[in-house]
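Hi everyone, thanks for making time for this one. I'd like to walk you through a few spots in a single structure, so here it is on the screen.

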Amino acid sequence: MDQLWANRAESAEAAVTERHLKSLWHIPGTQLGVVAWPPIRRAPHWHYWWQAHLLDCLVDAQLRDPQPERVIRIKRQIRTHRLRNVFRWTNAYYDDMAWLALAIQRACLVTGIDRHRALGTLTRQLTDSWMPEAGGGIPWRKDEQFTEPFFNAPANGPAGIFLAREPAWLERAQQMGDWIEATLIDPDTHLVFDGIRSGSLVRAEYTYCQGVVLGLETELAARTGDPRHAPRVHRLVAAVNKQMAPGGVLKGAGGGDGGLFAGITARYLALVATDLPGDSAADVAARDTAAELVLTSAKSAWDYRQSVNGLPLFGAFWDQTAEVPRADGAVATSIAGAVRESEVPERDLSVQLGGWMLMEAAAALG
């Protein structure tokens with residue numbers, strides 16, 4: 001491991017730990033990420049999927065530098081997630097549940113803890129919602145099973161990655177990859193569209209949609225040996241490099257939910273660089289390009305960070321100087337199933353998790 005990036009990842013972890021990790025309702029032995037820093041007295045939302053990515057970042061850190069006290073934080077994060085979610089693992093959004101399933105799955109693998117009941121519950125949610133008869137895919141949210149469902153990459157991508165890592169569901173994961181390939185690939189840019197409803201494509205092309213499809217197709221290439229998956233990775237890495245990384249730096253998407261988008265893309269670009277099998281020139285080129293995108297983005301994000309009390313504060317855009325947030329102004333709020341950014345995006349936990357995720361991705365390449 002490159003010690004430079006390991007040290008920077010450690011600093012990013014320390015920053016989030018100091019500023020954002022707090023007990024829930026002052027209950028001993030609990031922990032969640034406060035969604036804004038500087039914090040407000042009563043945070044209006046807790047943002048389920050942000051907490052799932054906080055857990056995933058803790059798992060990244062444990063892989064980088066195993067520590068007994070971090071295992072305690074990982075256990076607390078999982079336990080408190082269920083407590084804050086009214087003693088449930090589930091919610092109304094399949095993309096949210098997929099992210100939590102992925103994070104708990106990795107936590108169990110890395111730490112040896114047993115959360116088979118949680119994983120069983122989440123697996124059933126993600127498999128029972130498969131709707132090929134309606135044109136899917138799994139839908140974005142539950143109530144859409146009874147109206148006109150919206151099938152999108154942010155739900156099917158992470159759910160597919162999770163299921164690809166469960167041997168009993170590998171075939172379903174492959175079907176999900178094939179559905180995305182047949183339905184959501186832009187024939188002109190080769191990027192991944194956001195989704196489809198009633199046969200009409202939602203043509204927005206977000207960075208994290210590319211990331212989750214890269215992760216899914218890399219897992220399928222590695223786990224099935226089927227020759228159709230690696231070429232999809234080659235094509236998508238090239239498309240991201242050409243159209244979503246000006247100057248080699250992944251595009252930012254502001255704060256709110258967008259604060260996580262580029263970090264997710266970096267996570268799965270790193271997976272391409274480390275796990276895509278094959279020795280062809282195309283395989284090597286995809287791995288090298290993926291690694292270069294991560295490292296160039298990480299260098300830029302680090303160079304443009306602010307330092308507050310000796311710890312990094314990352315910008316919402318990795319090619320622009322970060323702004324230090326104040327303890328006033330509007331904070332991120334949930335509207336229509338999405339979280340809008342704070343007045344200063346750097347205040348959002350999502351933005352700081354995105355930077356931490358990027359530093360861990362760079363460290364993993366060493």
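Right after helix α4 comes Gly 112, and its phi is positive, near 85°. Keep in mind, please, that what we are looking at is a predicted model. Now step back into α4 itself, which covers residues 94–111. With 18 residues at 1.5 Å a residue, the helix should span 26 Å, and the end C-alpha atoms are 25 Å apart, so the two values agree. How many of those residues are buried? It's 15 of the 18, so α4 is largely enclosed by the rest of the structure.

That leads to the packing. The largest nonpolar core has 110 residues, and the ones touching the most other members are Ile 104, Val 192, Ile 264, Trp 356 and Met 359. Which element gives this core its largest share? That would be α4, with 11 residues.

Let's compare notes with α3, residues 68–84. Here 17 residues should span 24 Å, and the end C-alpha atoms sit 24 Å apart, which agrees. The buried residues in α3 include Arg 70, Gln 77 and His 81, along with Val 71, Ile 74, Ile 78 and Thr 80. They pack against α1, β2, α2 and α4, so we meet α4 again from another side of the story. Just after α3 there is another positive phi to look at, about 60°, at Val 86.

Now for the rings, which I know some of you have been waiting for. A pair of aromatic rings is described by the distance of the centres and the angle of the planes. Searching the whole structure turns up 10 aromatic pairs. Take Trp 140 and Phe 150: the centres are 6.4 Å apart and the planes are at 80°, so this pair is edge-to-face. Trp 140 belongs to the loop between α5 and β3, while Phe 150 is in strand β3, and the pair links distant parts of the chain, 10 residues apart. Trp 140 has a relative accessible area of 17%, so the residue is buried. Phe 150 counts as buried too, at 8% relative accessibility.

Next, Trp 302 and Phe 314, with 6.2 Å centre to centre and 55° between the planes, make a tilted pair. Trp 302 lies in helix α11 and Phe 314 in the loop between β7 and β8, so the pair ties together parts that are 12 residues apart in sequence. Both Trp 302 and Phe 314 are buried. And who touches both of them? Met 359 does, and its other contacts include Trp 5, Arg 8 and Ala 298.

Since those two names came up, look at Arg 8: it lies over the face of Trp 5, at 4.8 Å from the ring centre. Arg 19 does likewise over Trp 37, also listed at 4.8 Å from the ring centre. There is a ring cluster as well, where ring pairs link Trp 49, Trp 99, Tyr 206, Tyr 208 and Phe 261.

One last stop, Leu 260. You'll find Leu 260 in the loop between α9 and α10. Is it buried or exposed? At 0% relative accessibility, Leu 260 counts as buried. Among the residues that Leu 260 touches are Trp 49, Trp 50, His 53 and Met 357. Leu 260 and Gly 315 are 55 residues apart in sequence, yet 12 Å apart in space, C-alpha to C-alpha.

That's my tour, and I'm happy to take questions.

Technical notes
Residues numbered from 1 in each chain as written. Predicted model: local features only at pLDDT ≥ 70, side-chain atom pairs only at ≥ 80, totals over all residues. Heavy atoms only, no water. Phe/Tyr/Trp six-rings, centres within 6.5 Å; stacked < 30°, edge-to-face > 60°. Helix = DSSP H or I, 4+ residues; strand = E, 2+ residues; numbered from the N terminus. Buried < 20%, exposed > 50% of the residue type's maximum accessible area, 1.4 Å probe, protein only. Lys NZ or Arg CZ within 6 Å of the ring centre and 35° of its normal. Expected span 1.5 Å × (residues − 1). Core = buried A, V, L, I, M, F, W, Y, C linked by side-chain atoms within 4.5 Å. Contact = heavy atoms within 4.5 Å. Lists of a residue's contacts leave out its neighbours within four places in sequence.
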